[in-house]
Amino acid sequence: MFKGSMPALVTPFRNGELDLDTLKHLVEWHIAEGSTGLVPVGTTGESPTLTHEEHELVIKVVVETAAGRVPVIAGAGSNNTVEAIRFVEYAHRVGADAALVVTPYYNKPSQRGMIAHFSALHDCADIPIIIYNIPPRSVVDMTPATMGELAKLPRIVGVKDATGKLERVSQQRASCGPEFIQLSGEDATALGFNAHGGVGCISVTANVAPKLCAEFQAATLAGDYKTALEYQDRLMPLHEAIFIEPGLVGAKYGMSKLGLCSEEVRSPLTGLEDSTKAKIDAAMAHAGLL
């Protein structure tokens, strides 16, 4: 159910407020461009600067607009288990297809603490959960052994892996089983990730180039790595340029060049340096987007 190219959706703003009309248009555009799922209110959706009410409203609007045409994996993470339960329960209540839950950041739980956290979320609602393991942001790293323990729970169905360690895919196949859904959280290494046994990517670049990212993912899943490599060559400069500064800022800038949404982000993030904009412009031209 969860595979292929799934954009980690940006949250559009206008004058500091949610721009829900643009959000609805983005959902329609991504579906038309071939995205196979949508992931609202992750880090790329600026969840750290949304209120709880805004966070939930974005999930609701995306679920209602998608209307079952593609699965919606709702961002539902927190380093506070009670708060994460609120988001998971809400995602289930409004009809999201799964919840994406990040490993608890800042308070640095042990592996035992992570098992307790995810077990509580598993038990709180009848909705599939995708673990989001991103040590550079959360500081903690869920081991393949811990993931294997959690994979025994029926609703812990997969992982968004942003470790950048391609061997993790094989290690997690061994600990969690080959049916455990492994999704890349890093655009630049998604080619190798799928070669190791991954089945898709929750992608930042797909905000800007959803059709190319979807076709790239489709090629890897068909085993056509020659074609996939051609797409990788087109997309790699864009993967790199978007992340010169925080990726969501780069993604919003690229989208603004396509007339899709404004560049507006919330503090403490800021707009891009002109030098970064020039590199994204060049990368988009290389990919055939401009």
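Which residues have the most contacts inside the largest nonpolar core? In this predicted model, they are Val62, Val88, Val101 and Ile131, within a core of 43 residues. Two or more residues of this core come from each of the helices α1 (20–33), α2 (52–66), α3 (81–93), α4 (111–124) and α6 (144–150), and from each of the strands β5 (98–102), β6 and β7. The most is given by α2, with six residues. A second core, separate from this one, has 33 residues, including Trp29, Leu191, Tyr231 and Met284.

Val101 offers a helpful view of the surroundings inside the larger core. Leaving aside residues up to four places away in sequence, Val101 touches Ala76, Gly77, Val88, His117, Phe118 and Leu121. The list of its contacts also takes in Ile129, Ile130, Ile131 and Tyr132. Two of these partners, Val88 and Ile131, are themselves named with Val101 among the residues with the most contacts in the core.

Turning to the sheet, seven strands are arranged in the order β1-β9-β8-β7-β6-β5-β4. The sheet is open, and its pairing is parallel. The edges are taken by β1 (4–7) and β4 (73–75); each has a single partner strand, so one side of each is left without a neighbour in the sheet. On average, and with direction ignored, neighbouring strands are turned by 30 degrees against each other.

One pairing can be followed in closer detail. Strand β6, covering residues 129–133, runs parallel to β7, covering residues 156–161, and five bridges join the two. Within this pair of strands, Asn133 lies opposite Asp161 of β7. Both β6 and β7 also appear among the elements that give two or more residues to the largest core.

What of the chain as a whole? It holds 12 helices and nine strands. Its radius of gyration is 18 Å, close to the 19 Å that the globule rule gives for 290 residues, so the chain is as compact as a globular protein of that length. The C-alpha trace spans about 45 × 45 × 35 Å along its principal axes.

Burial and contacts complete the picture. Of the 290 residues, 53% are buried, where buried means under 20% relative accessible area. Among contacts with a separation of 6 or more, 72% are accounted for by residues 24 or more positions apart. The chain exposes about 11,700 Å², and carbon and sulfur atoms supply 53% of that area.

How values were computed: Residues are numbered from 1 along each chain as its sequence is written. This is a predicted model: local features need pLDDT of at least 70, side-chain atom pairs count only at pLDDT 80 or more; totals for chains, interfaces and linings use all residues. Side-chain values use heavy atoms; hydrogens and water are left out. Two strands pair if DSSP finds at least two bridges between them. Helices (H or I, at least four residues) and strands (E, at least two) are DSSP runs, numbered from the N terminus. Axes are lines fitted to C-alpha atoms, for helices over the stretch in contact, and angles run from 0 to 180 degrees between N-to-C directions. A nonpolar core is a set of buried Ala, Val, Leu, Ile, Met, Phe, Trp, Tyr and Cys residues joined through side-chain atoms within 4.5 Å. Buried means under 20% relative accessible area, exposed over 50%, partly exposed in between (1.4 Å probe, protein chains only). Contact means heavy atoms within 4.5 Å. The radius of gyration is taken over C-alpha atoms; the globule rule is 2.2 Å times the number of residues to the power 0.38. Accessible areas come from the Shrake-Rupley method with a 1.4 Å probe; for residues, only the protein chains shown count as cover.
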